[in-house]
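Trainee: I would like to go through this model step by step. Can we begin with the ligand and then turn to the protein itself?

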Amino acid sequence: MQNSGIEALGLDWRYLAFNVHPDSLADAIRGAQNMHFVGLNLTVPHKQLAVGLVDELDSSAREWGAVNTIRFEGKDANGDWHSLAHPDSDGFLELRSVGYNTDADAVVRACEEDLEIEIASSRILIVGVGGAGRVAALKVAASGCKCLFIVNRTQSKAESVREEIRSRFPGCEVIIGYPEERIDLLINGTSLGLKDGDSLPVDLSRISLLSVGAVYDMIYQPAETPLLRAAKAVGCKVSNGLGMLVYQGAKALEIWSEREAPVAAMRLALEAHIYGNADE
Ligand SMILES: NC(=O)c1ccc[n+]([C@@H]2O[C@H](COP(=O)([O-])OP(=O)(O)OC[C@H]3O[C@@H](n4cnc5c(N)ncnc54)[C@H](OP(=O)(O)O)[C@@H]3O)[C@@H](O)[C@H]2O)c1
């Protein structure tokens, strides 16, 4: 996805994957900076750890308490900071790392663009408030959702997310449990659906998919989970989690390149890689 985006922008860059032990994360970030990398993406289990390891935090990383994107910058003779993609970067003396979070925006963007849902005016149920589901719940509340239902296997986690939303986004009413009336959007943030034979992430004795407008499943492999299949069969709008993955990556590329990301090219590349499209 990133290499296709880089190519579409005509940039002379390469995106590479490195397996780094958490104990070596500080050294890896410092090493990438010293080698004048333009930036990094980080995934589980590095996202929280990196908050304390970068030199500066963008407001997105401060707000969500996690870093999934780092941009390296250098200071010019006037004291201004620039991306290391800047043509004069070889002359920069002082370097620094800046941490961002592009995950939270991506889930809302995916629901709004891929399902044509307006979060602010929607009643939403999120099942599964682990790492990704918690951020989705907070972001949905931050985006103006007035009524949010949350369900999680471990009740204490649902309670802790409810308290966090109540203190940070008091305009959003949060209810633990299934809604009794129609909702606009159901988001699956559990890992149920990843494996063959998984049960549905919702209890159909507590909610009818006929009373759900649209379903977003964060899972993108398989492309159609049992939840999406069941929701489609009764006429819900549905989308899998591929958009979320594309949008967090597109935003990272924009942070590094300071240019608009070629989202369509990145999505096509990802689909070809994950689903093995015929025209790959
Ligand atoms: N599309 C994307 O870009 C993207 C990005 C990140 C994650 N994801 C997907 O989102 C899902 C969650 O990922 P995560 O990183 O948030 O994982 P996580 O932190 O481990 O959270 C897993 C969630 O699933 C629930 N769960 C797991 N097994 C369950 C079961 N048997 N019955 C009921 N609930 C169960 C957990 O409930 P408990 O709290 O009770 O354990 C928790 O709410 C995964 O499917 C992952 O692939 C997609």
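Mentor: Yes, but keep in mind that this is a predicted model. A polar side-chain atom of asparagine 152 lies 2.7 Å from an oxygen atom of the ligand. We can start from there.

Trainee: How much of the ligand does the protein bury?

Mentor: Taken alone, the ligand exposes 920 Å². Once the protein is counted, part of that area is covered, and the buried share is 70%.

Trainee: Which backbone atoms lie 3.3 Å from an oxygen atom of the ligand?

Mentor: One is a polar backbone atom of glycine 130, at 3.3 Å from a ligand oxygen. Another is a backbone N or O atom, also at 3.3 Å from a ligand oxygen, and it belongs to serine 191.

Trainee: How many residues surround the ligand, and which helices each supply at least two of them?

Mentor: The shell has 20 residues, and Gly131, Ala132, Asn152, Thr154 and Lys157 are the closest. By class, 9 are nonpolar, 9 polar and 2 charged. The helices that each supply at least two shell residues are helix 5 (131-142) and helix 8 (242-257).

Trainee: Where does the largest nonpolar core lie with respect to the domains?

Mentor: In soluble globular proteins, nonpolar side chains tend to be buried together. Here the largest core has 50 residues, and Leu148, Ile165 and Leu185 have the most contacts inside it. Helix 8 gives the most to this core, with 8 residues. Both domains give residues to the core, so it lies between domain 1 (2-101 + 247-275) and domain 2 (105-240).

Trainee: Is glutamate 73 buried or exposed, and which side chains does its own side chain contact?

Mentor: Glutamate 73 sits in strand 3 (residues 69-75). Its relative accessible area is 5%, under the 20% limit, so glutamate 73 counts as buried. The side chain of glutamate 73 makes a polar contact of 2.8 Å with the side chain of arginine 71, and another of 2.7 Å with the side chain of arginine 96.

Trainee: Which peptide bonds before a proline are cis?

Mentor: Most peptide bonds are trans. In the loop between strand 1 (39-41) and strand 2 (56-57) we find proline 45, and the loop between strand 10 (212-217) and helix 7 (226-233) holds proline 222. With omega near 5 degrees, the bond from valine 44 to proline 45 is cis. With omega about 10 degrees, so is the bond joining glutamine 221 and proline 222.

Trainee: What is the phi of histidine 36, and what is its relative accessibility?

Mentor: Most residues other than glycine have a negative phi. Histidine 36, in the loop between helix 2 (25-34) and strand 1, has a positive phi near 60 degrees. It counts as partly exposed because its relative accessibility is 29%.

Trainee: Is glutamate 116 buried or exposed?

Mentor: Glutamate 116 lies in the loop between helix 4 and strand 6 (123-127), and its phi is positive, about 55 degrees. Its relative accessible area is 64%, over the 50% limit, so glutamate 116 is exposed.

Trainee: What separation is there between the C-alpha atoms of aspartate 114 and alanine 261?

Mentor: Aspartate 114 belongs to helix 4 (residues 103-114) and counts as partly exposed, at 27% relative accessibility. Along the chain, aspartate 114 and alanine 261 are 147 residues apart. Their C-alpha atoms are separated by 17 Å.

Conventions
Residues are numbered from 1 along each chain as its sequence is written. This is a predicted model: local features need pLDDT of at least 70, side-chain atom pairs count only at pLDDT 80 or more; totals for chains, interfaces and linings use all residues. Side-chain values use heavy atoms; hydrogens and water are left out. A residue is near a molecule or strand if one of its heavy atoms lies within 4 Å of it. A polar contact is a pair of N or O atoms within 3.5 Å; within protein, one must be able to donate a hydrogen and the other to accept it, and residues adjacent in sequence count only if both atoms are side-chain atoms. Accessible areas come from the Shrake-Rupley method with a 1.4 Å probe; for residues, only the protein chains shown count as cover. Helices (H or I, at least four residues) and strands (E, at least two) are DSSP runs, numbered from the N terminus. Ala, Val, Leu, Ile, Met, Phe, Trp, Tyr, Cys and Pro count as nonpolar, Asp, Glu, Lys and Arg as charged, and the others, Gly among them, as polar. A nonpolar core is a set of buried Ala, Val, Leu, Ile, Met, Phe, Trp, Tyr and Cys residues joined through side-chain atoms within 4.5 Å. Buried means under 20% relative accessible area, exposed over 50%, partly exposed in between (1.4 Å probe, protein chains only). Domain bounds come from an automatic or database domain assignment.
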